[in-house]
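Got the viewer open? Let's take a short walk through this one, one selection at a time.

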Amino acid sequence: MNKWFKHIGLAIALMFSAVCFANGADAPVEPQASDAQIWAQLKDGATGYTTSDSQFHNQPINTYDLRVLELRSDWLAPGLMLALFGMIIIFALFIMVNGISKLHHGFSGKMVHRWSKFDVSIHWLGAIPCLLLILTGLVLLAGRFFFQPYLGEGFWASMVNGAKQVHDVMAIPFMFGWALMTLLWAKNQLPKMYDVKWFMVVGGYINFGPFKGKHPDAGFANAGEKMWFWAFAFFGLIISASGMLLLFPNLFEPSRTLSLIALVLHSISAIIICAFSIVHIFMATVMSEGGMECMISGYCDENWATQHHNLWYDEIKANGTLKYRD
Ligand code: HEM
């Protein structure tokens, strides 16, 4: 039996049995029962009495629909592990075989304005909490199956408790970052016909075969970035709404069915955002030479702009908004 859960169960059971169980609850826990009996009854959905008057207050373990436990252990937890570690392995192998996308004419040294300071700030306001949410979410969703068996009891208890605290707090800045990025950047992320061609040659990032040396047209954002942006906008909405429901049950008072739906949607969205994030991070830091500078200073090298975002560069040059760093 999982010792940590046993302790929590026992603590709750003791609280219950100390105060109550004389009040005609459905299946009261016997005050004299052994630890194992108490735990078994709690897992069977035993109810008791508390001074709270919120819904479901008297049932510490929800046995409403146990199919969600199987879904969680067999699909969602392995899914998130794969989205994180699987994508890292796949992308690392891809880069080893394919190599990165170098600037064909090297760095020009002339830096073109691309993102404002405010844009860079809201990117990191969303991105840093997002990364922490992915890591702590992994502990909360998959840790029990993949990490706990290899960790000491005390270490695991501290780890899962810390993950829960960080996860709850980081949700708030993440949502601000998500809302600002989604609202302010959407106009540059609208799909265009030339995006189809970008996908057909995989953005020119393949360094062999018929794809080698291709430079598909791209505006301010290329087709891959647009796909990431809209996935982030949509699943960011789902993950934020479901997360709020789970974080503030007293405020929204969801039914048990809605809570379980929120839990499942939250995990599915996390898997998708995590997989995209890994690709996005690899693209920004390793794959696209010179790309990272955009989200540090807000400027990009002129050769990077002409190679990766030719239509945007031509447009700002033509309309006079091209601005170099002093
Ligand atoms: C270490 C982690 C990350 C790095 C190094 C990074 C880097 C970058 C860079 C360099 C850009 C600008 C690309 C361009 O100008 O064309 C960018 C854009 C963007 N980032 Fe990140 N990012 C990271 C994590 C994240 C995370 C976790 C999120 C999600 C919250 C995110 C969301 C976005 C979005 C929505 C865009 C605009 C679309 C795009 O240009 O791809 N980033 N990021």
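Begin with what holds the metal, and keep in mind that this is a predicted model. Select the iron atom of the ligand, then ask which protein atoms serve as its donors. You should land on NE2 of His123 and NE2 of His280, lying 2.0 Å from the iron. Now trace the chain outward from each one: His123 sits in helix H4 (residues 117-146) and His280 in helix H9 (residues 256-287), so this pair, 157 residues apart, links distant parts of the chain.

Stay at the iron and show every donor. There are six donor atoms, and the angles they subtend run from 85 to 179 degrees, which makes the arrangement octahedral. For comparison, ideal angles for six octahedral donors are 90 or 180 degrees.

Next, switch on a surface. Are the two histidines buried or exposed? His123 has 10% relative accessibility, so it counts as buried. His280, at 29%, counts as partly exposed.

Now select helix H3 (residues 67-98) along with H4. Their axes are 9 Å apart and they pack at an angle of about 130 degrees, which makes H3 oblique to H4. The crossing is left-handed. To see what touches, show side chains: H3 brings residues including Leu76, Leu80, Met81 and Phe85, while H4 offers Ile134, Leu138, Leu141 and Phe145, among others.

Last stop: Arg144, also in helix H4. With a relative accessible area of 38%, Arg144 is partly exposed. Draw a C-alpha to C-alpha distance to Ala77 and you get 9.2 Å, although the two are 67 residues apart in sequence.

Technical notes: Residues are numbered from 1 along each chain as its sequence is written. This is a predicted model: local features need pLDDT of at least 70, side-chain atom pairs count only at pLDDT 80 or more; totals for chains, interfaces and linings use all residues. Side-chain values use heavy atoms; hydrogens and water are left out. Donors are N, O and S atoms within 2.8 Å of the metal (3.2 Å for Na, K and Ca); water is not among the atoms, so sites may look incomplete. Four donors count as tetrahedral if all angles lie between 85 and 135 degrees; four count as square planar and six as octahedral if opposite donors are over 155 degrees apart and all others between 65 and 115; anything else is irregular. Helices (H or I, at least four residues) and strands (E, at least two) are DSSP runs, numbered from the N terminus. Buried means under 20% relative accessible area, exposed over 50%, partly exposed in between (1.4 Å probe, protein chains only). Axes are lines fitted to C-alpha atoms, for helices over the stretch in contact, and angles run from 0 to 180 degrees between N-to-C directions. Angles under 35 degrees count as roughly parallel, over 145 as roughly antiparallel, 65 to 115 as roughly perpendicular and the rest as oblique. A crossing is left-handed if the near helix is turned anticlockwise from the far one by less than a right angle, and right-handed if clockwise. Contact means heavy atoms within 4.5 Å.
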